[in-house]
Amino acid sequence: PRREANPPSPPRRKMVRQDKNKYNAKKYRLIVRFTNRKVICQIAYATIRGDMVVCQATSSELTKYGIPAGHKNYAAAYATGLLVARRVLKQFGL
């Protein structure tokens, strides 16, 4: 399970594994989770201590941007991904 500190599962280990010539370069990944009421998007990278989340956004924040309802459909997932992408680009200064 996600909340417990279990060793990583083989698919996650394969996804997170880093090339040996990269020397501690961060390998960012987009995590999208669908709950019963909203969509959660995160940008994270793996370290030995655990995964570090760089930036995150939820679809419940979309009410501030003019989407009052429908926070769990395809369009809300797209808009939440766009929101997290804009935030991380602003954070990295790109």
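Which residues lie nearest the centre of the second largest pocket? I will start there and then go through the sheet, the helix across it and the cysteines. Keep in mind that this is a predicted model.

The residues nearest the centre of that pocket are Gln18, Asn24, Ala46, Thr47 and Ile48. They belong to a lining of 16 residues. The volume of this second largest pocket is about 390 Å³. Two elements give two or more residues to its lining: α1, residues 10-16, and strand β2.

That brings me to the sheet. The sheet is open, with three strands in the order β1-β2-β3 and antiparallel pairing. At the edges are β1, residues 29-34, and β3, residues 51-58, each of which pairs on one side only. From one strand to the next the twist averages 25°.

Now the pairings, one at a time. β1 and β2 are antiparallel and are joined by six bridges. The two form a hairpin, and four residues sit between them. In this pair, Phe34 stands opposite Val39 of β2.

On the other side, β2, which spans residues 39-46, is joined to β3 by seven bridges, again antiparallel. One residue pair to look at here is Ile43, whose bridge partner in β3 is Cys55.

Next, the helix. α2 covers residues 74-92 and lies across β1, β2 and β3. Relative to β3, helix α2 runs at about 125°.

Last, the cysteines. How many disulfides does the count come to? The count is zero. Cys41 is in no disulfide, and the nearest cysteine sulfur to its own is that of Cys55, 10 Å away. Why is there no bond from Cys55? The cut-off for a disulfide is a pair of cysteine sulfur atoms within 2.5 Å. The closest cysteine sulfur to that of Cys55 is in Cys41, at 10 Å, so the two are too far apart for a bond.

Are these two cysteines buried or exposed? Here the cut-off for buried is under 20% relative accessible area. Cys41 has a relative accessible area of 2%, and therefore counts as buried. Cys55 has 9%, so Cys55 is buried as well.

To go back over the main points: the sheet has three strands with antiparallel pairing, α2 lies across β1, β2 and β3, and β2 is one of the elements that give two or more residues to the lining of the second largest pocket. Cys41 and Cys55 are buried, and the disulfide count is zero.

Terms used. Residues are numbered from 1 along each chain as its sequence is written. This is a predicted model: local features need pLDDT of at least 70, side-chain atom pairs count only at pLDDT 80 or more; totals for chains, interfaces and linings use all residues. Side-chain values use heavy atoms; hydrogens and water are left out. Two strands pair if DSSP finds at least two bridges between them. Axes are lines fitted to C-alpha atoms, for helices over the stretch in contact, and angles run from 0 to 180 degrees between N-to-C directions. Contact means heavy atoms within 4.5 Å. Buried means under 20% relative accessible area, exposed over 50%, partly exposed in between (1.4 Å probe, protein chains only). On a 1 Å grid over the protein atoms alone, a cavity is a set of points where a 1.4 Å probe fits but cannot get out, and a pocket is an open set with protein on both sides within 12 Å along at least five of seven lines; lining residues have an atom within 4 Å of a point. Grid points are joined across faces, edges and corners, and a volume is the space filled by probe spheres set on the points.
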